[in-house]
Amino acid sequence: MNEGHAGSQAGGAVPPVVIHTRKLWPRRLVWIWVGVLFLLHHDFWWWDDPTLVFGFIPIGLAYHSAYSVVAGITWWLAIRHAWPEEIEEWASAGESETAIKGRVK
Amino acid sequence: MTTMLAAVSYTPLYVISVYMLALIGLGLASRQFSKGTSADYFLVSRNIGPFLLLMSIFGTTMTGFALVGSTGKSYTSGIGVYGLMASWSGLIHSAVFFVVGMKLWAVGKRYGYLTQCEYFRERFQSPALGHVLFPVLILLVIPYLLVGVISAGKFIQGSTAGMFPELFPLLRPDGSPTPLHGSVPVWAGSLVVCLIVLFYVFFGGLRGAIWANTMQTLVFMVTGVIAFYLISQKLGGLAEAGRMVSESEFAKPRLAREGMLGQPDSAVGRHVSASVPALAYRAQCEELSPQPDRTPDLHHDCLVAVYFDRHLGGRALWRTILHPPQRGARAGDQGAGRVGVSDGPGRRRGAGRHHVEPRLSVHVPGHHVHQRRGDARVRPEPLQ
């Protein structure tokens with residue numbers, strides 16, 4: 001498995017964070033999709049529409065409820081497929097090094 | 001006044017009393033599980049399970065600002081508040097957690113940092129920075145804490161109206177009672193709440209706080225669903241409630257967001273900045289758990305459910321027809337209170353980027369009324 005390196009070794013005290021490249025594309029997709037969701041949040045096409053969905057939910061509220069569900073699914077998928085495990089590994093590997101204090105990126 | 005007193009039900013007072021006694025009981029019970037060490041008192045021996053962790057973090061996020069303030073804001077400004085507070089939170093809070101939160105947790109775990117001051121002091125190799133940051137962070141937290149205390153006091157005040165007319169009279173100059181006549185004043189309610197929190201934290205340590213948070217989170221989520229059902233039934237069902245809102249002069253503009261919200265452009269910045277103290281709390285909570293919290297999506301789901309319930313049924317939109325504001329009262333006075341939120345300038349399409357609508361300031365005894373010029377939204381409307 002190819003691995004890339006990120007982080008720095010300031011003063012030689014901090015080992016690098018190893019990023020698993022199999023996680024790179026899921027992460028890129030997550031952030032691209034988050035950008036799309038950012039744009040979709042601005043639902044100006046409903047801003048002056050008081051229509052009720054199912055007879056009781058204002059359409060703007062229904063849209064943002066659905067949006068919220070999509071955002072929840074997005075982060076659920078992000079946790080499953082793009083979780084930064086290397087950061088967990090980095091943190092766990094250095095638990096015994098609590099005496100070391102250095103610059104961390 | 002006699003008629004008003006005869007109609008007063010003391011049930012809310014009993015419910016609030018039982019609730020507070022339960023919190024005291026939790027504090028005492030959690031003390032029985034103490035191992036008698038400082039690590040157990042402050043960090044629950046770093047062994048909190050995922051359910052308690054989620055409930056604790058979520059319950060801490062849902063302060064008076066979210067439960068009382070945002071509900072009042074939806075009452076006055078309509079459904080746009082959901083987009084401002086809930087769906088933005090769902091996207092931005094989790095994103096900030098991924099970008100900043102994980103790294104903050106990792107650095108804290110690796111180097112044993114427990115506070116933000118420790119991190120910044122070491123990061124910049126500057127003890128002076130730590131000394132400066134400490135009071136700044138404390139000062140920034142105080143308003144957030146006060147919002148919770150004030151909203152609790154306001155909630156108790158509204159719930160106990162008319163119960164203690166001799167002890168806490170609140171009369172207009174002409175001698176007629178105000179709507180809050182005989183209620184427990186905000187300062188007294190806030191003081192009682194502070195003492196109870198102090199009690200269960202002092203006796204139970206962080207375990208007591210987490211147990212209390214979990215109980216309170218479950219209570220407000222379950223009662224939110226019950227309130228949603230009861231209010232819709234009182235209005236004749238969901239469809240009937242929708243019809244009444246559509247036909248209500250006060251409520252109808254609140255079915256859409258145009259012109260009802262002020263300065264939404266800064267929402268992203270607010271959420272990012274609001275995420276930072278929440279992250280610090282999460283990072284500290286995660287010190288309690290052997291693994292980092294992987295529940296930002298569950299946290300978001302809980303948040304969305306609560307906001308949806310509060311903004312549509314709990315106390316906001318449907319309440320606009322159950323309790324439309326009367327002339328001589330602020331739009332939020334009969335709603336859920338107005339803690340930590342402000343109407344801000346109105347904004348209308350084609351009327352300039354930040355068009356500040358002219359307002360009339362009207363002083364009547366016991367009230368300070370802001371009314372927009374020519375705005376019919378504060379017109380009294382009888383319940384059909």
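This is a short tour of a predicted model, with a suggestion at each stop of what to select and what you will find there.

**Stop 1: Colour by confidence**

Start with the scores for the model as a whole: ipTM is 0.75 and pTM is 0.68. Now select chain B and colour it by pLDDT. Its mean pLDDT is 74, and 65% of its residues reach 70 or more. Which element of chain B has the highest mean pLDDT, and which the lowest? Helix H2 (residues 11-32) of chain B has the highest, at 93, while strand S1 (residues 359-364) of chain B has the lowest, at 33. Next, select residues 328-384 of chain B, where the pLDDT is below 50. In the model this stretch has 126 contacts beyond near neighbours in sequence. Enjoy the view here, but remember that where pLDDT is low, the predicted coordinates should not be read in detail.

**Stop 2: Walk along chain A**

Hide chain B for a moment and show chain A as a cartoon. You can trace three helices and four strands. Following the sequence from its start, the pattern reads β-β-α-β-β-α-α. Chain A has 105 residues, and 38% of them count as buried. Look also at how the chain folds back on itself: of the contacts between residues at least 6 apart in sequence, 52% join residues at least 24 apart. If you switch on the surface of chain A, about 5800 Å² is exposed, and carbon and sulfur atoms supply 66% of that area.

**Stop 3: A salt bridge inside chain A**

Still in chain A, select A:Glu86 and A:Arg27 and show their side chains. The two form a salt bridge, and their closest N and O atoms are 2.9 Å apart. A:Glu86 sits in helix H3 of chain A and A:Arg27 in helix H1 of chain A, so this pair ties together parts that are 59 residues apart in sequence. Are these two residues buried or exposed? A:Glu86 counts as buried because its relative accessibility is 5%. A:Arg27 is buried as well, with a relative accessible area of 15%. As background, side chains of opposite charge can pair when their charged atoms come close.

**Stop 4: The largest nonpolar core**

Bring chain B back and select A:Trp75, B:Leu91 and B:Phe98. These residues have the most contacts inside the largest nonpolar core, which has 26 residues. Which helices each supply at least two residues of this core? They are helix H1 (24-40), helix H2 (59-81) and helix H3 (85-93) of chain A, together with helix H6 (80-111) of chain B. H6(B) gives the largest share, twelve residues.

Now centre on B:Phe98 and show what surrounds this residue. Leaving aside residues up to four places away in sequence, B:Phe98 touches A:Trp31, A:Trp75, A:Ala78, A:Ile79, A:Ala82, A:Trp83 and A:Pro84. There is also a second, separate core, made of 14 residues; to find this one, select B:Met20, B:Ala188, B:Tyr200 and B:Ala212, which are among its members.

**Stop 5: Two residues that meet across the sequence**

Select B:Leu206, in helix H9 (residues 186-234) of chain B. Then add B:Val44 to the selection. The two are 162 residues apart in sequence, yet their C-alpha atoms are 6.4 Å apart in space. B:Leu206 counts as partly exposed because its relative accessibility is 26%.

**Stop 6: The two faces of helix H10**

Finish at helix H10 (residues 238-247) of chain B. Colour its buried residues first: B:Ala241, B:Gly242, B:Met244 and B:Val245. They cover an arc of only 165° around the axis, which puts them on the same side of H10(B). Rotate the helix, and on the face turned away from that buried side you will find the exposed residues B:Ala239 and B:Glu247.

Next, show the side chain of B:Arg243. This residue forms a salt bridge with B:Glu240 and another with B:Glu247. In each pair the closest N and O atoms are 2.5 Å apart. B:Arg243 and B:Glu240 are three residues apart in H10(B), so about one helical turn separates them. B:Arg243 and B:Glu247 are four residues apart, again about one helical turn. Through these shared partners, B:Glu240, B:Arg243 and B:Glu247 join into one network.

Technical notes:
Residues are numbered from 1 along each chain as its sequence is written. Chains are lettered from A and ligands numbered from 1 in the order in which they are written. This is a predicted model: local features need pLDDT of at least 70, side-chain atom pairs count only at pLDDT 80 or more; totals for chains, interfaces and linings use all residues. Side-chain values use heavy atoms; hydrogens and water are left out. pLDDT is the predictor's confidence in each residue, from 0 to 100. Contact means heavy atoms within 4.5 Å. Buried means under 20% relative accessible area, exposed over 50%, partly exposed in between (1.4 Å probe, protein chains only). The arc is that of the directions from the helix axis to the C-beta atoms. A nonpolar core is a set of buried Ala, Val, Leu, Ile, Met, Phe, Trp, Tyr and Cys residues joined through side-chain atoms within 4.5 Å. A salt bridge is a side-chain nitrogen of Lys or Arg within 4 Å of a carboxyl oxygen of Asp or Glu. Accessible areas come from the Shrake-Rupley method with a 1.4 Å probe; for residues, only the protein chains shown count as cover.
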